[in-house]
Amino acid sequence: MAYKITGQCISCDLCLSVCPTGAIKIVDGNRWIDPELCTNCVGSIHTVPQCQAGCPTCDGCVKQPTDYWEGWFATYNRVLAKLTNKEDYWERWFNCYS
Ligand code: SF4
Ligand code: SF4
């Protein structure tokens, strides 16, 4: 399942230059990942999805859930984390990538 750009995106365009397949495009001023081109970075020299790894917002690029409940819990956890988030920026960054 491909990655997608979320509402957390701040349009920094960093992911456009790091995507090995050129899957990330700007459509009508919004960043968009072409699911036909996104390979989740599998088969490339990268060990982690480059768009997510480089995104300064951490949640700007996320993997699309494969089924309804996976999506439901992913959204629930994101909203819950936002409501209860007391971490600072770097703590969140390290938690995201460690
Ligand atoms: S790196 Fe993150 S914030 Fe920057 S354009 Fe991509 S999704 Fe948006
Ligand atoms: S997961 Fe990899 S291939 Fe897919 S959009 Fe992100 S950087 Fe590109």
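These are my notebook entries on a predicted model of a single chain, set down in the order in which I looked things up.

**Entry 1: overall layout**

I began with the secondary structure, and I counted four helices and four strands in the chain. Reading from the N terminus on, I wrote the order of the elements as β-α-β-β-α-β-α-α. I then looked up the radius of gyration, which is 14 Å and thus close to the 13 Å that the globule rule gives for 98 residues, so I noted the chain as being as compact as a globular protein of that length. Taken along the principal axes, the box filled by the C-alpha atoms comes to roughly 35 × 30 × 30 Å. As for burial, I found that 24% of the 98 residues count as buried.

**Entry 2: the salt bridge**

How many salt bridges does a search of the whole structure find? I obtained one, and its partners are Arg31 and Asp13, whose closest N and O atoms are 2.5 Å apart. I noted that this pair links distant parts of the chain, since Arg31 belongs to strand β3 (residues 30–33) while Asp13 sits in the loop between β1 (3–5) and α1 (14–18), 18 residues away. In general terms, side chains of opposite charge can pair when their charged atoms come close. I also checked the cover of each partner: Arg31 has a relative accessibility of 16% and therefore counts as buried, the limit being 20%, whereas Asp13, at 28%, counts as partly exposed.

**Entry 3: aromatic rings and the surface of α3**

I next turned to the rings, and I recorded five aromatic pairs in the structure. The one I wrote out in full is that of Tyr68 and Trp69, which is edge-to-face, with 4.9 Å from centre to centre and 85 degrees between the planes. Both partners are open to the outside: Tyr68 is exposed at a relative accessible area of 58%, and Trp69 counts as exposed at 52%. Following the ring pairs onward, I found that they link Tyr68, Trp69, Trp72, Phe73 and Tyr76 into a cluster.

I then asked which residues form a nonpolar patch on the surface. The patch consists of Tyr68, Trp69, Trp72, Phe73, Tyr76 and Leu80, and together these residues offer about 690 Å² of accessible area. Of its members I looked separately at Trp72, which I placed in helix α3 (residues 68–84) and which is partly exposed, with a relative accessible area of 37%; this lies over the 30% that a patch residue needs, so the value agrees with the place of Trp72 in the patch.

Thr75 is likewise found in helix α3, and I noted it as partly exposed at 40% relative accessible area. Its C-alpha atom is separated by 9.7 Å from that of Pro65, ten residues apart from Thr75 along the chain.

**Entry 4: cysteines**

I looked for disulfides and found zero in the structure. For the record, a disulfide is a covalent bond between the sulfur atoms of two cysteines. I checked the accessibility of two cysteines: Cys41 counts as buried at 10%, and Cys51 counts as buried at 9%.

**Entry 5: positive phi**

Most residues other than glycine have a negative phi, and I therefore wrote down two residues that depart from this.

Asp28, although not a glycine, has a positive phi of about 50 degrees. I located Asp28 in the loop between β2 (24–27) and β3, where it is exposed, with a relative accessible area of 77%.

For Asn40, also a residue other than glycine, phi is positive and near 60 degrees. I placed Asn40 in the loop between β3 and α2. Is Asn40 buried or exposed? At a relative accessible area of 17%, I entered Asn40 as buried.

**Entry 6: the loop before α2**

My last look was at His46, which is found in the loop between β3 and α2 (50–54). I noted His46 as partly exposed, its relative accessible area being 25%. Between the C-alpha atoms of His46 and Thr84 I entered a separation of 33 Å, the two residues being 38 residues apart along the chain.

Key. Residues are numbered from 1 along each chain as its sequence is written. Chains are lettered from A and ligands numbered from 1 in the order in which they are written. This is a predicted model: local features need pLDDT of at least 70, side-chain atom pairs count only at pLDDT 80 or more; totals for chains, interfaces and linings use all residues. Side-chain values use heavy atoms; hydrogens and water are left out. Patches are made of residues with over 30% relative accessible area and no salt bridge: like charges are joined within 9 Å, nonpolar side chains (Val, Leu, Ile, Met, Phe, Trp, Tyr) within 5 Å. Accessible areas come from the Shrake-Rupley method with a 1.4 Å probe; for residues, only the protein chains shown count as cover. A salt bridge is a side-chain nitrogen of Lys or Arg within 4 Å of a carboxyl oxygen of Asp or Glu. Helices (H or I, at least four residues) and strands (E, at least two) are DSSP runs, numbered from the N terminus. Buried means under 20% relative accessible area, exposed over 50%, partly exposed in between (1.4 Å probe, protein chains only). Rings of Phe, Tyr and Trp (its six-membered ring) pair if their centres lie within 6.5 Å; planes under 30 degrees apart count as stacked, over 60 as edge-to-face and the rest as tilted. A disulfide is a pair of cysteine sulfur atoms within 2.5 Å. The radius of gyration is taken over C-alpha atoms; the globule rule is 2.2 Å times the number of residues to the power 0.38.
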